[in-house]
Amino acid sequence: MAACRVTCGARLVSDWVLAEDVEALTAGHAKQRALLVLDIAAGHLAGGRVEAAFALASPALEAGLQYRSGRIMERARAVRRSLTTASPPRAVRESDVRLPVVYL
């Protein structure tokens, strides 16, 4: 239930979900947590907090690489594609190095 609340709040860019309700991050499998963290990262990115978004997305990306999860990698790619800028910040460039860029 908490994970659904976090996902919905992140997609609606609600600050309350990005600031609290972290109990959802302690439950479930590592793959589910990674997908949830990427939803939260997308919420941060939509709210204009690029550094925070990619700080969260980086460990989730590592989990996707570790588990070889196509869902996690695609969600990470979607988060990255949602940011369009001529000169990305350092956190984004570091993420780009680890993210396979086949579909970017």
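Let me start with helices H4 and H5, whose axes come within 9 Å and cross at roughly 155°. This is a predicted model, so every value here is computed from it. Angles over 145 degrees count as roughly antiparallel, and H4 and H5 are therefore roughly antiparallel to each other. The crossing is left-handed. On the H4 side, the contact is made by Phe54, Ala60, Leu61, Gly64 and Leu65. H5 brings Ile72, Met73, Ala76, Val79 and Arg80. By class, that contact has eight nonpolar residues, one polar and one charged.

Next, the other partner of H4. Helix H4, residues 50-67, also packs with helix H6, residues 90-98, at an angle of about 15°. Their axes are 9 Å apart. H4 and H6 are therefore roughly parallel to each other, and H4 passes H6 in a left-handed crossing. H4 uses Val50, Glu51, Phe54, Ser58, Leu61, Glu62 and Leu65 here. From H6 come Arg90, Ala91, Val92, Ser95 and Arg98. This contact divides into six nonpolar, two polar and four charged residues. Phe54, Leu61 and Leu65 appear in the contact with H6, and they also appear in the contact with H5.

Now H5 from its other partner. Helix H3, residues 30-46, packs with H5 at an angle of about 5°, and the axes are 10 Å apart. That makes H3 roughly parallel to H5. In H3, the residues are Lys31, Ala34, Leu35, Leu38, Asp39, Ala42 and Leu45. They meet Arg71, Ile72, Arg75, Ala76 and Val79 of H5. Here the classes are eight nonpolar, no polar and four charged. Ile72, Ala76 and Val79 take part in this contact, and they are listed in the contact with H4 as well.

What about empty space? A search of the whole structure finds one cavity of 30 Å³ or more. Its volume is about 40 Å³. Which residues line this cavity? The lining is Phe54, Ala57, Leu61, Ala76, Val79, Arg80 and Ser95. The elements that give two or more residues to it are H4 and H5, the latter being residues 70-81. By class, the lining has five nonpolar residues, one polar and one charged.

To connect this with the contacts: Phe54 and Leu61 line the cavity, and both sit in the contacts of H4 with H5 and with H6. Ala76, Val79 and Arg80 are lining residues too, and they belong to the H5 side of its contact with H4. Ser95 is in the lining and in the H6 side of the contact with H4.

Methods: Residues numbered from 1 in each chain as written. Predicted model: local features only at pLDDT ≥ 70, side-chain atom pairs only at ≥ 80, totals over all residues. Heavy atoms only, no water. Axes fitted to C-alpha atoms, helices over the stretch in contact; angles between N-to-C directions. Helix = DSSP H or I, 4+ residues; strand = E, 2+ residues; numbered from the N terminus. Parallel < 35°, antiparallel > 145°, perpendicular 65-115°, else oblique. Left-handed = near helix turned anticlockwise from the far one by under 90°. Contact = heavy atoms within 4.5 Å. Nonpolar A, V, L, I, M, F, W, Y, C, P; charged D, E, K, R; others polar. 1 Å grid on protein atoms, 1.4 Å probe; cavity = no way out; pocket = protein on both sides within 12 Å on 5 of 7 lines; lining within 4 Å. Points joined across faces, edges and corners; volume = space filled by probe spheres on them.
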